[in-house]
Amino acid sequence: MDEMKEYCGVVGIYLSGSDNAASKLAYYGLQSLQHRGQESAGIAVSDGSHIEHFKNMGLVSEVFNRENLSSLKGHIAIGHTLYSTSGKATIENAQPFVSRSKLGTIAVAHNGSLVNTEPMREFLEETGSSFTSTSDSEVIIKLIAKNYKKGLERAITDTIQLIKGSFALCVMTEEKLIGVRDPNGIRPLCLGKVQNGWMLASESCAIDAVGGDFVRDVDPGEIIIINEDGVLSFKFGEKTSKKVCVFEYVYFARPDSIMDNIGVLEARMKMGEVLARESPVEADVVVGVPDSGLGAAMGYARASGIPYAMGIVKNKYIGRTFIAPTQEAREQLVFVKLNALKSDVCGKRVIIIDDSIVRGTTSRRLIRLLRKAGAKEVHFRISSPPVKFPCYLGIDTPERAGLISANHDIEEIRKEIGADSLAFISMDGMIEALLSCLKVPSPEEDSENEGENKWNEQQPPCGFCQGCFIGEYPMPMVGELGKRESE
């Protein structure tokens with residue numbers, strides 16, 4: 001995988017009574033979501049009457065320490081870890097955003113990307129709002145604050161009917177925690193039960209990290225309000241089809257997470273099995289690219305009967321502050337980050353499994369690593385279809401000119417990266433793999449969640465956003481991003 005990164009991760013904590021440990025649970029939740037963003041981190045907390053927050057640039061463990069965490073006392077908290085693509089990585093763009101007015105204080109943490117940011121920003125500026133960041137997330141909190149006099153629920157509902165794009169939101173007032181997921185469910189958000197309260201998170205692994213119990217995914221188009229009375233749920237807007245970002249399963253999510261009733265590791269292994277069926281090749285070992293290629297490699301090995309080997313070792317201690325001054329130097333970092341195990345690959349025909357090819361740079365250097373370690377043949381297999389289009393809904397991808405599959409056919413890519421053979425999973429094969437892992441809760445399981453007051457409307461079957469593969473998105477692209485794509 002090269003040059004493709006997720007926007008961010010969000011958490012929300014609501015604890016009952018006088019429990020002031022919400023910020024600590026948010027901290028541990030953010031630690032488990034660090035893979036979703038490494039540029040900034042922040043936590044806002046409420047003690048019931050006042051909201052304080054702290055945020056800074058860096059990893060979660062770099063931003064927070066015992067001293068500043070202990071100063072964030074309260075029973076409600078939201079947290080955010082950022083990878084910036086909408087705007088630069090600066091402290092001004094770090095989240096959560098906090099808005100204070102005579103009506104009260106609101107804090108917002110947002111995962112996703114809006115496609116109508118520019119018209120919304122212009123509308124707000126014309127009506128007196130000013131902005132301190134280039135983040136589209138600030139547009140969201142400004143819209144909520146503008147409508148706050150109508151009441152919180154109405155302000156949020158009005159806001160999310162104005163914005164277009166992908167969003168999973170954790171919103172906090174002095175007394176409430178609110179979770180919102182966009183009508184297509186493009187970005188993930190789930191609900192969990194923790195000791196003495198409730199939790200919202202981008203992934204279920206964050207709930208596990210604090211000793212909580214995963215309850216369910218927040219449905220597309222659902223608003224969850226958590227306060228001293230418990231959990232209330234209702235939906236907003238018209239019913240739309242579910243279009244979960246397929247790359248959550250391919251690459252972004254942690255393998256121990258469950259999203260929309262699909263286990264991430266199980267899905268990756270199944271993709272590997274389908275890939276082995278679709279694109280077999282004679283070889284001696286199967287190797288996965290750490291970390292997101294490992295599940296597909298295990299599945300490929302299991303289905304093909306070819307032994308699985310570690311093959312490549314990842315250095316997990318390359319600091320994010322290791323900044324190379326040139327593109328050439330940055331490309332060399334793959335040799336620092338990854339290394340081949342000679343004992344696994346020397347003199348052997350190797351199948352290497354990765355989740356995607358974006359620019360092709362990393363793929364080419366991985367093959368060089370394996371050949372240098374003595375691999376006799378290197379066959380490249382990819383557990384997603386060719387990435388041919390940019391994503392405007394929460395993933396950092398290059399423009400089409402930078403996507404190798406948008407400008408070259410498979411044989412040309414094979415020659416470019418130096419593989420003996422190259423194959424991608426088919427679109428039908430990838431969807432087949434995902435749906436084969438879909439587990440629909442039984443009525444009995446649903447009834448166990450009676451404390452949430454979940455709205456009862458039947459949700460549509462699980463579907464997936466495939467925009468980066470086929471150029472068709474869940475909604476019309478508007479604003480500057482849409483203009484660029486249509487030109």
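Modeller: First, a term: a strand is a DSSP run of E with at least two residues, and strands are numbered from the N terminus. Keep in mind that this model is predicted.

Biologist: Okay, which strand is the place of Thr105?

Modeller: There are 25 strands to choose from, along with 19 helices. The run covering residues 104-114 holds Thr105, and that is strand β7.

Biologist: Is Thr105 buried or exposed?

Modeller: Leaving aside neighbours within four places in sequence, its contacts include Ile51, Val98 and Met172. Buried means under 20% relative accessible area. Thr105 has 8% relative accessibility, so Thr105 counts as buried.

Biologist: Now salt bridges: which residue does Arg154 form one with?

Modeller: Look in helix α6, residues 152-162, where Arg154 and its partner are 4 residues apart, so about one helical turn separates them. Arg154 is partly exposed at 48% relative accessibility, while the partner is buried at 15%. The closest N and O atoms are 3.1 Å apart, and the partner is Asp158.

Biologist: How many residues apart are Arg277 and Glu432?

Modeller: These two form a salt bridge, with the closest N and O atoms 3.0 Å apart. Arg277 sits in helix α9 and Glu432 in helix α16, so the pair links distant parts of the chain, and the separation is 155 residues.

Biologist: And which residue caps the N-terminal end of helix α15?

Modeller: That helix covers residues 410-417, and just after it Gly418 takes a positive phi of about 85°. At the N-terminal end, a side-chain oxygen lies 3.3 Å from the backbone nitrogen of Glu411, and that oxygen belongs to Asp409.

Definitions and conventions
Residues numbered from 1 in each chain as written. Predicted model: local features only at pLDDT ≥ 70, side-chain atom pairs only at ≥ 80, totals over all residues. Heavy atoms only, no water. Polar contact = N/O pair within 3.5 Å; in protein donor to acceptor, adjacent residues only side chain to side chain. Buried < 20%, exposed > 50% of the residue type's maximum accessible area, 1.4 Å probe, protein only. Contact = heavy atoms within 4.5 Å. Salt bridge = Lys/Arg side-chain N within 4 Å of Asp/Glu carboxyl O.
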